[in-house]
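Hi everyone, thanks for making the time. I have one structure to walk you through today, so let me put it up on the screen.

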Amino acid sequence: MVCASELSYTAMASSPTSLLLSVFTIFCLLFLASSSSSSSTKDHRPGTIVIPLTRTPKSKQSREPSEYLQRLASTSSPRQKTSLFPHSYGGHSITLSFGTPPQKLSFLVDTGSHVVAAPCTTEYTCTNCSFSADNVRIFNPELSSSSKPLGCKSPKCVDTNSPDVPRGCPDCTNCSHACPPYTLQYASGASTGFFLSETLYFPHKTVHKFLLGCTTAAAREPLSDAIAGFGRTLFSFPTQMGVNKFAYCLNSHDYDDTRNSSKLVLDYNEGATKGLSYVPLLQNPPIAPIYFYLGVEDIMIGNRFLRIPREHLAPGSDARGGVIIDSGYAYGYMTIQVYKIVTYELKRQMSKYRRFYEGENQTGYSPCYNFTGHKSIEIPNLVYQFTSGASMVVPAKNYFLLDDEMTFACFPLDTDGTKTLEATPGPSVILGNSQQVNYYIEFDLKNERLGFQQQTC
């Protein structure tokens, strides 16, 4: 999930959480096709901790095609970082227990943001949001004996956008004021709140003085879940847990209500994991400390290298460009320049299939294809060629929206309308969670590299 306060420096929302389409999208497109065709620990530190990753149950949506497609077009902004659990948007979550006595909440796992935060007041408001604030589950600090507001003299009282900039106690000496409120600004929304020092109860580990964001208000948010930011700053979940690496293997986005879960692994061990290929994590620009930038040499469609200009594959000092991996963004994002290169080659290699223009007009996705009358379908792989020499092959089912019977397909990655390199700094490519399905993905924080291996999750 790419945020703008985490993405104030990106043209999208920090958590570009792209909407993961549900079975109703497939229904709608079929309808159209047929009509046209650290911390202190209480226990001994374990080598690894394994936690279930759960997929969100879906809310009921209208089956009326025009209503659903209109809603899809209006909500599929790059702020839908919903991804570790399908709500209708996709995503995966973990259950965390904060406070004394513990209060359990579901947190979206998001490598594109960096703050662990939850709604924390019965007065919580969300303006122009896609859910009712009355139904939001909250963490209530008044019910916790271990909950304390973060003091302004704490070394953790720093700017959420620039963690090396202390906020401190303005116009005050020897004071005990709370750390000033924070604001996380997204392209499609925002939230504000204050930090708590709280106790996290975890299997085999209790973490005291955990920095928990207490969200008091939000605007234009696509979902009500609490968020566990896994990015690269002191606020993030893995940093506060003191792990050397973490890993997950994401299940397929089956658009049903099953509760199949995969695993999130928190690893205190060092060294390479057997069987994984590795790609270096690039140094972050100072104004974009959150993201996991990958060393990408080029992108391929099928066997054809696209020769993507270098300024789009590596971040500049101004945070323009680069390829990030983001578990909170659904399918992914490409800035318009990269998007045009990729879709041009897709259209060339798939020119024998009929374009589904009505589906494109309704969903905003392009290109879409109608495969009616074809006995066999060939959609080329999307391939990331890394600077380490390794390649990540993304099969069609991971980066195309396909119906079960292969009647239609749409390329659902988000883009923007700018004609030059991003006017607002931000990554050029976001490798979303759908592209990561059935890959074991390891974030080796200590050695600054990403490991991956294709497998059934």
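I'll go through the overall picture, then the cores, then one sheet, and finish with the disulfides.

Before anything else, please keep in mind that this is a predicted model.

Okay, the overall picture. The chain has 457 residues, and 60% of them count as buried. Its secondary structure comes to seven helices and 27 strands. As for the outside, the accessible surface is about 18200 Å², and 49% of that belongs to carbon and sulfur atoms.

Now to the inside. In soluble globular proteins, nonpolar side chains tend to be buried together. Here, the largest nonpolar core holds 83 residues. If you want to find it on your screen, go to F107, F237, M241, L266 and F400, which have the most contacts inside that core. And which helix gives the largest share of this core? That would be helix 5, with five residues. There is also a second core, separate from that one, with eleven residues, among them V115, V158, F195 and F235.

Next, the sheet I wanted to show you. Four strands make an open sheet, and the order across it is 16-15-21-22, with antiparallel pairing. Strand 16, residues 304–305, and strand 22, residues 391–394, are at the edges; each has a single partner strand, so one side of each has no neighbour in the sheet. Zooming in on one edge, strand 15 covers residues 296–301 and pairs with strand 16 over two bridges, in the antiparallel sense. For a concrete spot to click on, take M300: its bridge partner in strand 16 is F305. And here helix 5 comes back. Helix 5 spans residues 336–349 and packs on this sheet, where it touches both strand 15 and strand 16. The direction of the helix makes about 30° with that of strand 15.

Right, the cysteines. How many disulfides does a search of the whole structure find? Four, and I'll take you through some of them.

Let's start with C120 and C214, which are joined with an S to S distance of 1.5 Å. The torsion about that S-S bond is about 75°, so this disulfide is right-handed. C120 sits in the loop between strand 4 and strand 5, while C214 is in strand 9, so the link ties together parts that are 94 residues apart in sequence. Are these two buried or exposed? C120 is buried at 5% relative accessible area, and C214 is buried at 1%.

Next up is C157 with C179, where the sulfur atoms are 2.1 Å apart. This link is right-handed too, with 90° about the S-S bond. Both cysteines lie in the loop between strand 6 and strand 7, so what gets tied together is 22 residues apart in sequence. C157 and C179 are both buried.

The last one for today is C368 with C410, with sulfur atoms 2.0 Å apart. About the S-S bond we have 110°, and the link is right-handed. C368 is in strand 20 and C410 is in strand 24, so this pair connects parts that are 42 residues apart in sequence. C368 counts as buried at 0% relative accessibility, and C410 is buried with a relative accessible area of 0%.

That's it from me. Happy to take questions.

Technical notes:
Residues are numbered from 1 along each chain as its sequence is written. This is a predicted model: local features need pLDDT of at least 70, side-chain atom pairs count only at pLDDT 80 or more; totals for chains, interfaces and linings use all residues. Side-chain values use heavy atoms; hydrogens and water are left out. Two strands pair if DSSP finds at least two bridges between them. Contact means heavy atoms within 4.5 Å. Axes are lines fitted to C-alpha atoms, for helices over the stretch in contact, and angles run from 0 to 180 degrees between N-to-C directions. A nonpolar core is a set of buried Ala, Val, Leu, Ile, Met, Phe, Trp, Tyr and Cys residues joined through side-chain atoms within 4.5 Å. Buried means under 20% relative accessible area, exposed over 50%, partly exposed in between (1.4 Å probe, protein chains only). A disulfide is a pair of cysteine sulfur atoms within 2.5 Å. Accessible areas come from the Shrake-Rupley method with a 1.4 Å probe; for residues, only the protein chains shown count as cover.
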